[in-house]
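Here are my notes for someone opening this entry for the first time. Have a look at the picture, then walk through the points in order.

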Amino acid sequence: MNQKYQIVLKTFQKGGIHPPENKLTAAKQTEVLPLPVSVAIPVSQHIGAPATVIVNKGDSVKTGQVIAGSKGFVSVNIHSSVSGKVNKIDSIVDTTGYKQTAVFIDVEGDEWVDSVDRSDDIITDIKLSSEEIISRCQESGIVGLGGATFPSHVKLSVPSGKRCDLLIINGVECEPYLTADHRLMLEKGKEILVGISILMKALKIKRAQVGIENNKTDAIVHLKKLAASFEGIEICPLRVKYPQGAEKQLIKALTGREVPSGRLPIDVNVVVHNAGTAFAVYEAVQKNKPLIERVVTITGKTLANPGNYLVRIGTPVSLLIEKAGGLPDDTGKIISGGPMMGKALINTDIPVVKGMSGIILFPSSESDRMPSQPCIRCAKCVSVCPLGLEPYLLMLLAQKGLFEKAEEERITDCMECGSCSYTCPAGRPLLDYIRLGKSTVIKMARERVVK
Amino acid sequence: MSTLFNISLSPHSHSQETTKKLMFGVVIALLPALFTSIFYFGYGALIVTSVSVISCLVFEYLIQRFLLKKPVSVTDGSALVTGLLLAFNVPSNLPVHIIIIGSLVSIGIAKMTFGGLGNNPFNPALVGRVFMLISFPVQMTSWPVPAGFNTGYTDAVTGATPLAIVKEGLKNGEPLSDLITQIPTPSQMFLGNMGGSLGEIAAIALLIGFVYLLMRKIITWHIPVSIIATIGIFTTILWLANPAKNADPMFHILAGGVLLGAVFMATDYVTSPMNPKAQIIYGIGIGILTVVIRVWGAYPEGVSFAILIMNAFVPLMNRYIKPGRFGEEVKNG
């Protein structure tokens, strides 16, 4: 289809908001962050069972070496991102504010394992079979780099009885401030397209659509030009709206299909992967390079030098902030991820992990919530919810402890996009209470199954 | 590092829309109607509006501060809006003591007894208006003839509203063709040169306010459009069935409080339904009841009662009419 004359851009219809984009670093070329003095690599950087540590204190490790093995099907390997000596296996505070086990390595040089192809040339010939691709993904530690960190090989293993006819690549990056995927599409466009072809081979399908929001016209133009030499890959510009990068909304925008409540994209014959994940799959399959580094946006209005950096996993966030000009005196909040769904960090020693797409610094004036006032029943929260829920009601039910009713009102459908709390004119903590309700309802449902 | 960072949960940004900004947005949308009321009714309009606004603010302050002993929230703008809307629902020659009583009922009974902003089931300004109508029927139905600053206040020359003229005339058996000559023309009604309450006379002022509210995203189109469309369709059917005994739809929409009610009263956040499907049914209900009361009921005007009756159904509608859920049925594109 000739997209040149498309006047009305596709998007999802229900709900959504338009927060200010603040893409301060969209034009900043990705730079390689210098190696840190030491790294702390957590064993749980993905949804599913944490990996089991297989190294000991004092061991020498090389860049790309497995240091923790995947535990079960929904799990992946964790690799050392540096070469050096294992200092200790200890706990460290991660982005959630809680502690988890991490492998601490003192960096010595940058010696890689022999199996990795470190050349720069782009290999387009896909030699691995479909099954080999899927196991290579798990071995190489590939997880969803959009932030959800779901093990990619699981998504590629279509269960029997289900069918996939379309691969959707998420190049939307709908969160304000973040530009890592944007830069990757501009700088590694061909590699991403090869990665998409690899994913298509793994899924045994012939069609892929890349969704990109219209605030990245340079990336759209660049990828469209490159995609001409690839089979079956369509670049689709989308109208800018949050949360278009949420997979259910992206699927709806591109195909009109609605993933039913409680089900997965495969139930509407679609598999979705982030653009950064496609790049990581390229590196894993064509270069035998495991997931040991990623592009991270370091940004904020108060930073002297915001930018995009290629960072080794396990690098402390403080090093990124230092490279961006140092921690400004007026820093009220540090966010890992985007402002809508990201996590506020308790300190800057927290290591960069696979799911960390960006670090945003907020001044104190933008860090504190407005005081909560009574609900005026304006129903703006209902009008912006992309899933057709009623946040004011879900908050009330959670407050009153009416969890059975909350379950009936589909509280577990909530994807925690934050559109409701963002919009509420009375500054009510809608999402806080919805989270409380969700966790309680999920626990109740689990206990019901056990009985 | 001795700096403490804020670690509240996502989202970490806010739209910056506040209750106060929304309320003051409504005030701005009411300004055209306020200017036209002063233009046509002179000092009376000024007195009635000021007394109503000041009384509402003072009563809310006194009740919150001394009776409930809770934090005072008069600055959020909601009492100001109630004060303006209450004034817009009464004639410009209404004596001061009646306005004060109406304000006390609106704020004290219809709003504060239920728990203040956000908790009242019925539209406070309408409750105040209906209370005054029932308690002071003579003063609440004597309508000054518009004469600018020569209208006077309690000494104003009065006449009947177009709705009353038509209703009484039809009851007495006069043909509609005769009655049409006694009432203002549609263009006069559009611009405000007619008898009625402060806010209902000038359709154009109310429509400007409507457009402003839509642009500011303070209200959506669903309630006003469904009310006006329902009234239009219902009165068209009646008019086509019997043009001698029923006024045309344009008259019904321009005369009386339909536009004021549809744009400013029925769209009150607290007392209207919480999703578009329910809002449209709400609007249809108000439209039907308005016409029923106007044509077959005892009063010439039915909008206030229609809205209050539908207010009573809102909790039920919120409970059983839900917004369309994403992924309700398997949709394949």
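1. Let's begin with one residue, A:M185. There are 28 other C-beta atoms within 10 Å of A:M185, so this residue is buried; the cut-off for that label is 20 or more. Keep in mind that you're looking at a predicted model.

2. Where does A:M185 sit? You'll find A:M185 in helix 3 of chain A, which covers residues 180–187. Setting aside the neighbours within four places in sequence, its contacts are A:G171, A:I192, A:A219, A:L223 and A:A275. Take A:A275 from that list: A:M185 and A:A275 are 90 residues apart in sequence, yet their C-alpha atoms are 7.5 Å apart in space.

3. Next, strand 2 of chain A, residues 38–42. Four of its five residues are buried, so strand 2 is largely enclosed by the rest of the structure. Its pairing with strand 8 of chain A (residues 99–107) is antiparallel and runs over five bridges. If you want a pair to click on, try A:V39, whose bridge partner in strand 8 of chain A is A:I105.

4. Chain A also has an open sheet of three strands, in the order 3-5-6, with antiparallel pairing. Which strands stand at the edges? They are strand 3 (52–53) and strand 6 (78–79) of chain A; each has a single partner strand, so one side of each has no neighbour in the sheet.

5. Staying with that sheet, strand 5 of chain A (residues 66–69) runs antiparallel to strand 6 of chain A, and two bridges join them. Here the residue to find is A:V66, which stands opposite A:H79 in strand 6 of chain A.

6. Now over to chain B, which has 15 helices and two strands. Its C-alpha trace spans about 85 × 60 × 30 Å along the principal axes. For 333 residues, a compact globule would have a radius of gyration near 20 Å, and the 21 Å of chain B agrees with that.

7. How much of chain B is buried? Of its 333 residues, 51% count as buried. As for contacts in chain B with a separation of 6 or more, 73% of them come from residues 24 or more positions apart.

8. The domain assignment splits chain B into domain 1 (19–140) and domain 2 (162–320). The C-alpha centres of these two domains of chain B lie 21 Å apart. Where they touch, domain 1 of chain B puts in 31 residues and domain 2 of chain B puts in 26.

9. Which elements give two or more residues to the domain 1 side of that contact? In chain B they are helix 1 (19–41), helix 2 (43–67), helix 3 (78–88) and helix 5 (124–135). Helix 1 of chain B gives the most, with twelve residues. By class, the side of domain 1 of chain B that touches domain 2 of chain B has 21 nonpolar, nine polar and one charged residues.

10. Last, the contact between the chains. It takes 33 residues from chain B and 52 residues from chain A. On the chain B side, the classes are 13 nonpolar, 17 polar and three charged residues.

Conventions. Residues numbered from 1 in each chain as written. Chains lettered and ligands numbered in written order. Predicted model: local features only at pLDDT ≥ 70, side-chain atom pairs only at ≥ 80, totals over all residues. Rg over C-alpha atoms; globule rule 2.2 N^0.38 Å. Buried ≥ 20, exposed ≤ 12 C-beta atoms within 10 Å, placed from the backbone. Contact = placed C-beta atoms within 7 Å. Nonpolar A, V, L, I, M, F, W, Y, C, P; charged D, E, K, R; others polar. Domains from an automatic or database assignment. Pairing = 2+ DSSP bridges.
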